[in-house]
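Biologist: Please pick one part of this model that is packed away from the surface and take a close look at it with me. After that, a walk through the surroundings would be welcome.

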Amino acid sequence: MHIRTSFPYETTHHDLRIPLPDGTLLYARVWRPLTDEPVPALLEYLPYRLTDWTAPRDHQRHPWYAGHGYASVRVDIRGHGNSEGTPTDEYSATELADGVEVVNWLAAQPWCSGRVGMFGISWGGFNSLQIAALAPEPLKAIVTVCSTDDRYDNDVHYMGGSVLAVDMHAWASTMLAFVARPPDPQYAGDAWREMWLKRLEAVEPFLHTWLGHQTRDEYWRHGSVCEDYGAIDAAVLAVGGWHDPYRDTVLRLVEHLPADRVRGLIGPWSHQYPDRGLPPGPAIGFLQETLRWWDHWLKDEDTGVMAEPLLRSYVSDSHRPATVYPTLPGRWVGEPAWPSPHVRAVTYAFQGAAVLVRSPMHTGIDAGRFFPFGNDADLPPDQREEDARSACFEFEVGEETWVLGRPKVRLRLTSEVPRGQVVARLCDVAPDGSSTLVTRGVLNLSARHGRDRAVPWEPGATEDVTFELNGIGHAFPPGHRIRLAVSSAYWPWIWPQPVSAAGFGLEPSGSSLELPVRARALDESADGTAITFEEPEQAEPLGVNSPITLDEPRPERLVVRDVAKGEWRLEVDPRYGGTRVYPDGLEFTEEALETYTINEWDPLSARTRSDWSIRLHRPELGWDATVRTRSEISCDRHDFIASNEVICMEGEEVLFHRTWEKRTPRTAG
């Protein structure tokens with residue numbers, strides 16, 4: 001990592017409040033170049049509190065952009081951080097309408113040239129796409145990183161029509177802990193307490209809404225730009241990582257958007273900006289790459305960025321199973337179109353006798369984290385134990401086989417019960433038997449005719465089902481085996497159906513794996529040159545300190561098995577924060593623990609729990625605020641049962657305490 005200290009422009013920054021038509025003021029921080037000439041504006045628009053939670057990350061990139069001649073602006077959305085108003089659901093119509101107003105306001109400032117770009121990762125990548133689909137005139141280009149075009153089937157809520165136990169709950173709990181945090185009196189002033197109490201009175205756990213929409217209905221179609229790609233006028237640079245759950249969006253965007261205003265980039269990365277150097281690498285000079293994009297679309301400079309292949313992606317070499325990789329070996333390849341003329345479908349037919357797939361409920365305990373962030377325990381360990389709980393079909397690798405895109409499975413199944421799910425994992429098996437997870441896919445059997453409906457299986461009937469696995473770039477070497485492992489459970493990623501312990505029958509005849517096999521030795525761009533990137537570069541760090549502690553850190557992922565009870569418990573420390581001291585004097589402490597429990601043969605024993613504790617302390621102001629949240633889900637045959645609690649304190653005084661208990665019918669989940 002190169003830390004940049006000298007730029008073409010000297011810069012300044014200041015905080016301001018952006019007015020909305022209803023009088024609400026959004027809190028913003030603006031970094032600008034010192035110049036008399038108007039410059040384009042870049043907007044990052046998030047709920048994640050610019051004065052504390054994202055401040056270290058913001059300081060890596062916003063000053064960097066300002067130093068290269070852009071007004072780089074970070075805004076907290078309504079009801080979050082130090083912005084006024086009350087919080088809404090994620091990507092609500094209000095949030096997006098506010099975002100359009102912010103874009104127009106920035107374009108009208110005397111220091112702005114009238115051209116605006118948006119960028120962001122995850123939430124900021126989502127709303128960049130969604131606001132681009134609303135087409136405010138000043139918005140000319142976006143960079144969307146680790147985001148989705150399909151809120152139902154490629155987000156944290158559902159996968160293949162099944163409830164994502166692992167992250168629907170974890171993320172709903174995370175956002176409950178976020179919306180309950182107070183404004184900071186150093187920035188919000190004396191009104192902070194009144195703002196906080198008003199905000200807390202409006203809090204409703206996101207979980208209630210998300211569980212209330214178990215098929216792909218109008219709620220999920222809102223904000224899903226896949227409904228109408230043609231609504232997007234801005235140029236789109238779509239970026240993802242093969243270890244991020246949203247990477248398939250990049251493939252869809254480069255397929256469906258006009259080639260003269262879209263480019264795609266997929267590396268080996270986790271859910272992180274590609275310049276941060278967090279595992280797995282290699283990291284790239286991402287800020288420089290985005291500068292080429294901005295300079296082309298916002299300053300009309302010929303940077304050559306549109307001469308790059310439509311899609312640049314990383315094909316990783318085969319690697320042994322591990323929960324973290326500092327760097328994955330491989331190569332960059334370029335595709336002139338998507339689907340690519342360099343990729344062909346190769347079908348591998350299953351062999352053997354019919355088999356009953358009846359996986360124990362804890363199958364999936366070695367799935368790894370749904371959202372890898374670059375931590376030591378994020379990625380799946382050796383899959384041999386998971387494979388033993390699945391039906392496996394293997395194919396010898398005669399010559400090196402590059403896979404690029406989304407594999408597909410066709411399975412002939414017989415089910416004796418009306419509900420269930422099927423999980424397929426693609427693994428790279430080495431000669432010593434070690435099994436590395438390459439990619440996976442899920443299908444809720446009631447969603448086999450479409451994600452917008454729930455169609456029960458006729459007990460005893462045999463049907464062919466087809467579904468895709470998540471996209472991947474991976475090279476299988478000669479002498480290895482391609483393994484397709486099929487299971488009927490995948491906890492805690494997928495919430496089990498009430499009768500899913502029955503499993504299903506699988507008939508190999510009529511079942512197959514289809515791999516998108518890419519031609520080898522075409523690791524180059526469209527004009528024949530090798531694909532390369534500059535060294536990662538950032539602005540000087542903010543200077544946040546983490547106090548040294550002698551406490552032994554708890555494990556990131558701990559599996560506990562009660563042999564007598566047949567119970568499995570997974571404890572996850574998401575490693576979001578810890579304790580940090582900011583240059584402005586803020587002392588910030590954040591702790592979280594997620595727990596997932598199931599009995600190995602009882603799908604109704606599934607339960608999840610998430611606990612958060614946050615403390616914000618300014619000794620010089622005598623300000624000390626604490627937020628504690630608890631969120632739980634359990635189930636019976638007919639309902640999901642959710643329990644949530646929020647406790648907010650100023651010093652030792654409880655200012656707010658509320659609990660919610662809600663039962664939601666299991667219509668599809």
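Modeller: Gladly, and one cut-off comes first: a residue counts as buried when its relative accessible area is under 20%, as exposed when it is over 50%, and as partly exposed in between. Please keep in mind that this is a predicted model.

With that in hand, let's look at helix 9, which covers residues 248-256. Its buried residues are D248, T249, V250, L251, R252, L253 and V254. That makes seven of the nine residues, so helix 9 is largely enclosed by the rest of the structure. What does the enclosing? The buried residues of helix 9 pack against helix 3 (123-134) and against five strands: strand 7 (139-145), strand 10 (235-241), strand 11 (262-267), strand 12 (311-316) and strand 17 (401-405). If you think about how a helix presents its side chains, remember that an α-helix has 3.6 residues a turn, so residues three or four places apart point the same way.

Helix 4 (residues 165-179) makes a good companion case. Here 15 of the 15 residues are buried, so helix 4 too is largely enclosed by the rest of the structure. Its geometry can be checked as well: at 1.5 Å a residue, its 15 residues should span 21 Å, and the end C-alpha atoms are indeed 21 Å apart.

Burial turns up in a loop too. D52 sits between strand 4 (39-46) and helix 1 (55-67), and its relative accessible area is 0%, so D52 is buried. Leaving aside residues up to four places away in sequence, D52 touches Y582, L586, F588 and L616.

Now for the charged pairs. The whole structure holds 54 salt bridges. One of them joins R193 and E650, with the closest N and O atoms 2.7 Å apart. R193 belongs to helix 6 (residues 192-201) and E650 to strand 32 (residues 639-650), so this pair ties together parts that are 457 residues apart in sequence. R193 is partly exposed, at 33% relative accessibility. Another salt bridge links D452 and R453, at 2.9 Å from N to O. Both ends are partly exposed, D452 with a relative accessible area of 42% and R453 with 40%.

R630 and E632 also form a salt bridge, with their closest N and O atoms 2.7 Å apart. R630 is buried at 14%, whereas E632 is partly exposed at 26%. Elsewhere, salt bridges with shared partners connect D387, E394, R425, R481 and R483 into one network.

Two members of that network lead us to a sheet: E394 has R483, in strand 23, as its bridge partner. The open sheet concerned has four strands in the order 16-23-19-20, with antiparallel pairing. At its edges lie strand 16 (391-396) and strand 20 (435-444), each of which pairs on one side only. Neighbouring strands of the sheet are turned by 15 degrees against each other on average, direction ignored. Strand 16 and strand 23 (residues 481-487) run antiparallel and are joined by six bridges. As background, strands of a sheet pair through backbone hydrogen bonds, either parallel or antiparallel.

Definitions and conventions. Residues are numbered from 1 along each chain as its sequence is written. This is a predicted model: local features need pLDDT of at least 70, side-chain atom pairs count only at pLDDT 80 or more; totals for chains, interfaces and linings use all residues. Side-chain values use heavy atoms; hydrogens and water are left out. A salt bridge is a side-chain nitrogen of Lys or Arg within 4 Å of a carboxyl oxygen of Asp or Glu. Buried means under 20% relative accessible area, exposed over 50%, partly exposed in between (1.4 Å probe, protein chains only). Contact means heavy atoms within 4.5 Å. Two strands pair if DSSP finds at least two bridges between them. Axes are lines fitted to C-alpha atoms, for helices over the stretch in contact, and angles run from 0 to 180 degrees between N-to-C directions. The expected span of a helix is 1.5 Å times one less than its number of residues.
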